[in-house]
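Here are some short exercises to work through with the structure open beside you. Try each task yourself before reading its solution.

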Amino acid sequence: MAKQKLVVIGNGMAPGKVLETLLEEAPGRYEIIIFNAESRVNYNRIMLSPVLTGETEFEEIIIHGDGWYIENNITLYKGHKVVEIDTSGKTVTSEHGVVEGYDKLVIATGSYPFIIPVPGHKLAGVLTFRDLDDVHAMMLAAKAGGRAVVIGGGLLGLEAAAGLQMQGMEVTVLHLMPTLMERQLDESAGYLLEKALTDRGITVITKANTKEILGDTKVEGVRLDDGTIIDADIVIMAVGIRPNMHLAQEFGIKCERGILVDDNMQTSDPNVFSVGECIQFENYTYGLVAPLYDQAKVLGRRLSGLEGDPFKHSETATKLKVTGVNLFSAGDFASGDDRHEIVLRDAAQGVYKRLVLKDDKIIGVVLYGETADGPWFYQMLKEGKDISEMRDHLIFGAAYAGGGGPDPLALVAGMPDEAEICGCNGINKGTIVTAITKDGLTTLDEVRTCTRASASCGSCTGLVEQLLALTLGDEFDANAVKSMCGCTDLGHQDVRRMILAKNLKSIPELLQALEWKTSCGCAKCRPALNYYMVCAWPDEYEDDGFSRFINERVHANIQKDGTYSVVPRMWGGMTTPNELRAIADVADKFKIPAVKMTGGQRVDLLGVKKEDLTAVWADLNAAGMVSGHAYAKGLRTVKTCVGTDWCRVATQDSTGLGIKLEKFLWGAWAPHKLKLAVSGCPRNCSESTCKDIGIICIDSGYEIHFGGAAGMHIQGTQVLCTVATEDEVMEHVGALTQMYREQADYLDRIYKWADKVGYDYIRSVIVEDADARREYYDKFAFSQKFMQDDPWKERVEGKEAHHFGAPLVPKKIEEMV
Amino acid sequence: MSDWYEVCGLNDIPLRGSRIVKTERGCVALFRTADNDVFALDDKCPHKQGPLSQGIVHDRSVTCPLHGWVFSLETGEAQGADTGKVRTMPVRVVDGSVHIQLEKTFA
Ligand code: SRM
Ligand SMILES: Cc1cc2nc3c(=O)[nH]c(=O)nc-3n(C[C@H](O)[C@H](O)[C@H](O)COP(=O)(O)OP(=O)(O)OC[C@H]3O[C@@H](n4cnc5c(N)ncnc54)[C@H](O)[C@@H]3O)c2cc1C
Ligand code: SF4
Ligand code: FES
């Protein structure tokens, strides 16, 4: 039977879960095609808040990376907004004109931020908080400092406010109601929250009705209806979301406040389904992930052809992801004649807890300051458990539930297996405990990888750690250093220190001395150890090719079909007709299928057979070219612009300096790849400000930058210092490179290392301490004496020939009958 | 039905390294572990046909160079969370020379 075609519109958190369920239950049942208006893979939207504060990075919140779509044979159209659905012809059309037919269609268009249509709402600088672009816009604005006004004191508004404040802006929150987060918190908790935010320097104005956003072309301030004017450089509108149902509605699918679905997530068209924030189920619409994941599982099973429980509405708990503020709320906490309440306050500790009871059952919970018992109360709320037996000590939480003294693990110990620990991913206690025992997990990271528990918003981290402690007993150590890999408990920095302290000079010696748990390490630790040795003992250590990833072992990049690519150096991006002729000849002679300009200002020969590598190199060597180390954790390229040789506005010889730097740095192995650029003036044509190290030439000399990134993570460089001469550039760059080589964990680029040790610390050594700088520089220059032999030439001459053994031909010696 | 074939001397395979043997049905990867055992597996990762011979050998496993799946050299089984199996062939070392058993139609 031909595969059915499943088309999904929207690639948010809800459809991500639908596909996970579907691929688990019925892999291969559908040909799957996704259209997403955002031009990126599936990520954890919840975690945009910590991305905004800078506590985490975008790459860490990706749920399904590009590889996942490839592995599962899913076609993802990124940046394709669907603009038409034809339910009779069963096709959808994207704004770029792509048309796909479907057998089953899932609409998961999420929601959009509501913008109050006050005058000025269209000015530049009025932002919302919904996707990564919004976060980038806010971070960019925050770079310039200045003032932000956040309209809306709900979950999103407060997370945006806390983030902008941490990014250095002066922040005012305007909230229409008398207390913050009034839909989730009662007055007391709302007041405590307001005080906590005020204490950290955020101005909160309640009962604030925005009348107008002021400004000519861009935001300059906000006027309230009482006439108050608040200056602002940006305004964040976070007053609520609306189901994004317009597309469905326009093409005939029944909608009210959202896309109407039944309890199997089916819309008014039997072949069209919908999940997520765009739907309306009974009278409910949704704005938190937990119920969306329930919907997704229902739909995933349904599409897999399985029977299962239909979707049921349930109460959702809310937490605020602002570091240092703990609050938890669930259910209904309005007072009433038929209700009782239990309240605990500890003013000194800033703790407030309130339970609302009806008929001896918990119907509402508000916790502020201390929230560990939240899930325990919430579980009882969902179950409708009769609490009359423990009513006296109920408010003290699970630790006291058994009577007697406090027991820190009683909370998790007392939870039933079905109790939900991780609300974001819908993972219960039983699943986590089984994973810990069955898969022998011992660390939080392992539990996150295996079960996804606490891998989203992270607010259940404490509970997961308690489960580890409960299940493993003394074996669990929450403060353990993150070990290099499963072969050791030591972290990268421990190992680097010990190599020097114990004078360890070979990998076998190290494995023995540091009591490695495996006989010869693994593919994770061996490349790191080999690098640490090369860096510590440049003159003595004999490089171990078998501890290197194939690319570095054979000095070429492996490609998907097992062939290799060859990238010769073109110093500072300069080449000559002769070099180009030699490249053309080599490509002809060895029938190399592809020749491409790289993003690094040089030429890539792709599809070279392994057995041809040495002969290709020999020809390139003959024309004066050497390896470009396009495969190395080490110096890659130094990009340059044309500089004073040609450019009418250049201030210095950027091309010449780039070549000089490349000739000085090439061959140096490093913790990760190292890319430089030199631009002849601040117009920055060689993109120096997103490189590991970048130079901007200015009239008075050279501005040295460092810590940029332009790969999975994008960030501009910071200035190291400004110097007057090329010699000083060489000294600073050499010293910085050596400091990075000696200090960073393997696989940390300069920006990651700098984030860990601090940009200022690096400046204090390299810029302010001339002796330290000179010492690093000398060590680098010494190390380079042993690194600057062209690896291609050496291999053409027969070095490490064992990595290039020709294929063997079998010879029959014995017939079997 | 299978026959024994001589392929090379033990020392022709580097320690913790590999060689490939060309057969009619594709390449076979020969691995030599740090403790001198030799294993033969199809040189084709079940994930996306990566050449396992080009991976890093550690203990009695090899890590595929393309996307890092780890396989047991003894059983050919993928380790950890990944699932898949590579075909293995019997190997013996006689007087320093390496023999592998290939199906008749295979050599
Ligand atoms: C060939 C090239 C693409 C091209 O056709 O232009 C390329 C090709 C690869 N890049 Fe790249 N990158 C190339 C320029 C870049 C650039 C642009 C630049 O250097 O100005 C970037 C962004 C800048 C940066 O590094 O921050 C870039 C960011 C990456 C990343 C992400 C790094 C990060 O820290 O986020 C990876 C993945 C990694 O290194 O782990 C990567 C990894 C790769 C790998 C090695 C993927 C792999 O693991 O096999 C590709 C090797 C293909 C090959 O065999 O040649 N490539 N890659 C470029 C070679 C430049 C050169 O002359 O050496
Ligand atoms: C900053 C922030 C913090 C949050 N914190 C929490 C929290 O702590 N806890 C919690 O439970 N929830 C939280 N949420 C809410 C949660 O992220 C959402 O409930 C959830 O992401 C909704 O998932 P979804 O799949 O319905 O929609 P979305 O994730 O919004 O995905 C919809 C996708 O569809 C795409 N799309 C729309 N129209 C089209 C079209 N015509 N064609 C193609 N693609 C289209 C959009 O580009 C979008 O990528 C937070 C949300 C934000 C923004
Ligand atoms: S060359 Fe770079 S961007 Fe292109 S597919 Fe490979 S790693 Fe990705
Ligand atoms: S091909 Fe081997 S891991 Fe992907």
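The exercises below go through the two chains, a pair of helices, some salt bridges and the cysteines of this predicted model.

**Exercise 1. Take stock of the chains**

Task: Find how many helices and strands chain A has, and how many chain B has.

Solution:
- Step 1. Start with chain A, whose secondary structure comes to 26 helices and 41 strands.
- Step 2. Turn to chain B, where you should find zero helices and 10 strands. Reading along its sequence gives the pattern β-β-β-β-β-β-β-β-β-β.
- Step 3. Add burial to the picture. In chain A, 53% of the 817 residues count as buried; in chain B, 56% of the 107 residues do.
- Step 4. Finish with contacts between residues at least 6 apart in sequence. In chain A, 62% of them join residues 24 or more positions apart, and in chain B 42% join residues at least 24 apart.

**Exercise 2. Describe a helix pair**

Task: Work out how H23(A) and H24(A) are oriented to each other, and which residues meet between them.

Solution:
- Step 1. Recall what is needed: two packed helices are described by the angle between their axes and the distance between the axes.
- Step 2. Locate the helices in chain A: H23 covers residues 750-757 and H24 covers residues 759-766. Their axes lie 6 Å apart, at an angle of about 95°.
- Step 3. Classify the angle. Values from 65 to 115 degrees count as roughly perpendicular, and H23(A) and H24(A) are therefore roughly perpendicular to each other.
- Step 4. List the partners. H23(A) brings Tyr751(A), Trp753(A), Ala754(A), Asp755(A) and Val757(A), which meet Tyr759(A), Tyr761(A) and Ile762(A) of H24(A).
- Step 5. Sort the contact of H23(A) with H24(A) by class: seven residues are nonpolar, none is polar and one is charged.

**Exercise 3. Look at salt bridges and their surroundings**

Task: For the salt bridge between Lys756(A) and Asp748(A), decide whether Lys756(A) is buried or exposed, and do the same for Asp748(A). Then look at two further pairs.

Solution:
- Step 1. The structure holds 47 salt bridges over all chains. In one of these, the side chains of Lys756(A) and Asp748(A) come together at 2.7 Å, N to O.
- Step 2. Apply the cut-offs, under 20% for buried and over 50% for exposed. Lys756(A) has a relative accessible area of 57%, so it is exposed. Asp748(A), at 9%, is buried.
- Step 3. Move to Lys793(A) and Glu797(A), whose closest N and O atoms are 3.3 Å apart in a salt bridge. Here Lys793(A) is partly exposed at 46%, while Glu797(A) is exposed at 57%.
- Step 4. Now take Arg45(A) and Glu38(A), joined by a salt bridge of 3.1 Å, N to O. Glu38(A) counts as buried, with 14% relative accessibility.
- Step 5. Follow the connections outward: Glu38(A), Arg40(A), Arg45(A) and Asp133(A) are linked in a network of salt bridges.

**Exercise 4. Check the cysteines**

Task: Find how many disulfides the whole structure contains, and explain why Cys520(A) does not form one with Cys487(A).

Solution:
- Step 1. Keep the chemistry in mind: a disulfide is a covalent bond between the sulfur atoms of two cysteines.
- Step 2. Search all chains, and the count comes to zero disulfides.
- Step 3. Take Cys520(A). The closest cysteine sulfur belongs to Cys487(A) and is 8.7 Å away, too far for a bond.
- Step 4. Note the exposure too. Cys520(A) counts as buried at 10% relative accessibility, whereas Cys27(B) is partly exposed at 28%.

Note on methods: Residues numbered from 1 in each chain as written. Chains lettered and ligands numbered in written order. Predicted model: local features only at pLDDT ≥ 70, side-chain atom pairs only at ≥ 80, totals over all residues. Heavy atoms only, no water. Disulfide = S-S within 2.5 Å. Buried < 20%, exposed > 50% of the residue type's maximum accessible area, 1.4 Å probe, protein only. Axes fitted to C-alpha atoms, helices over the stretch in contact; angles between N-to-C directions. Helix = DSSP H or I, 4+ residues; strand = E, 2+ residues; numbered from the N terminus. Parallel < 35°, antiparallel > 145°, perpendicular 65-115°, else oblique. Contact = heavy atoms within 4.5 Å. Nonpolar A, V, L, I, M, F, W, Y, C, P; charged D, E, K, R; others polar. Salt bridge = Lys/Arg side-chain N within 4 Å of Asp/Glu carboxyl O.
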